[in-house]
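Please open the model in your viewer and keep the sequence panel visible. The tour proceeds by selections, each followed by a description of what is found there.

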Amino acid sequence: MRTFVYNFTNNNANSMLIFNITYLVSDKVRAPWLTWVREQHIPFMLNSNYFSHPQLARVITSAEQEGTSFSVQFRVEDMRTLKSWNQEFSVEFKEECSRQFGSEVVFFTTVLDLIDHN
């Protein structure tokens, strides 16, 4: 199974990253998926001790799509921390999502370099 791979170098010591997971969730599993995100996924990510400040948002788009897109975001200290999480937990994360929802939920990840933050 493929792991998340990011090539990013940032020399700003005060930088903070956001690890974003964008999901496309079919309408027939939206309610159980939202429960899973709130009760299992977010706690799993926080309990790994790599992430903080979770946010869950619905993606507003003008594009026609089947299902609803959601963004789940976490703050992560730096790329080294994200790579450590990736090596330790990404396979388990992907397998759990697939086991729970199969092809009814697809996702991709992005990393955001937070320029202004508190």
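Begin by selecting F89: helix 2 bends there by about 60 degrees, the bend at a residue being the angle between axes fitted to the seven residues ending there and the seven starting there. Helices (H or I, at least four residues) and strands (E, at least two) are DSSP runs, numbered from the N terminus. The model is predicted, so that local features need pLDDT of at least 70 and side-chain atom pairs count only at pLDDT 80 or more, while totals for chains, interfaces and linings use all residues. Residues are numbered from 1 along each chain as its sequence is written, and side-chain values use heavy atoms, with hydrogens and water left out.

**Helix 2**

Extend the selection to residues 79-101, which form helix 2. The end C-alpha atoms of these 23 residues are only 29 Å apart, short of the 33 Å that a straight helix would reach at 1.5 Å a residue; the expected span is 1.5 Å times one less than the number of residues.

Next, display the side chain of D78, which caps the N-terminal end of helix 2. One of its side-chain oxygens lies 3.3 Å from the backbone nitrogen of R80. Beyond the other end, G102 follows just after helix 2 and takes a positive phi of about 55 degrees.

Now colour helix 2 by burial, where buried means under 20% relative accessible area, exposed over 50%, and partly exposed in between (1.4 Å probe, protein chains only). Its buried residues include W85, F89, F93 and F101. The buried residues of helix 2 pack against strand 1, helix 1, strand 2, strand 3 and strand 4, a contact being heavy atoms within 4.5 Å.

**Helix 1**

Select residues 30-47 for helix 1. Its 18 residues should span 26 Å at 1.5 Å a residue, and the distance of 24 Å between its end C-alpha atoms agrees. A bend of about 45 degrees is nevertheless found at V37. V37 is also one of the buried residues of helix 1, among them W33, W36 and M45. After helix 1 comes N49, with a positive phi near 65 degrees.

**The sheet**

Hide the helices and show the strands. In what order do the four strands form the open sheet? The order is 2-3-1-4, with antiparallel pairing; two strands pair if DSSP finds at least two bridges between them. Strand 2 and strand 4 are the edge strands, each pairing on one side only. Direction ignored, neighbouring strands are turned by 20 degrees against each other on average.

Select strand 1, residues 16-25, in which eight of the ten residues are buried. Strand 1 pairs with strand 4 (residues 105-114) over ten bridges, and F19 has V111 as its bridge partner in strand 4. Nine bridges join strand 1 to strand 3 (residues 68-76), where F70 is the bridge partner of Y23. Strand 2 and strand 3 are linked by six bridges, with S52 standing opposite R75.

**Helices on the sheet**

Restore the helices. Helix 1 packs on the sheet, touching strand 1, strand 2, strand 3 and strand 4, and its direction makes about 10 degrees with that of strand 3. Helix 2 lies across these four strands and runs at about 160 degrees to strand 4. Axes are lines fitted to C-alpha atoms, for helices over the stretch in contact, and angles run from 0 to 180 degrees between N-to-C directions.

Finally, select the whole chain: its pattern along the sequence is β-α-β-β-α-β, and buried residues make up 38% of its 118 residues.

Note on methods
A polar contact is a pair of N or O atoms within 3.5 Å; within protein, one must be able to donate a hydrogen and the other to accept it, and residues adjacent in sequence count only if both atoms are side-chain atoms.
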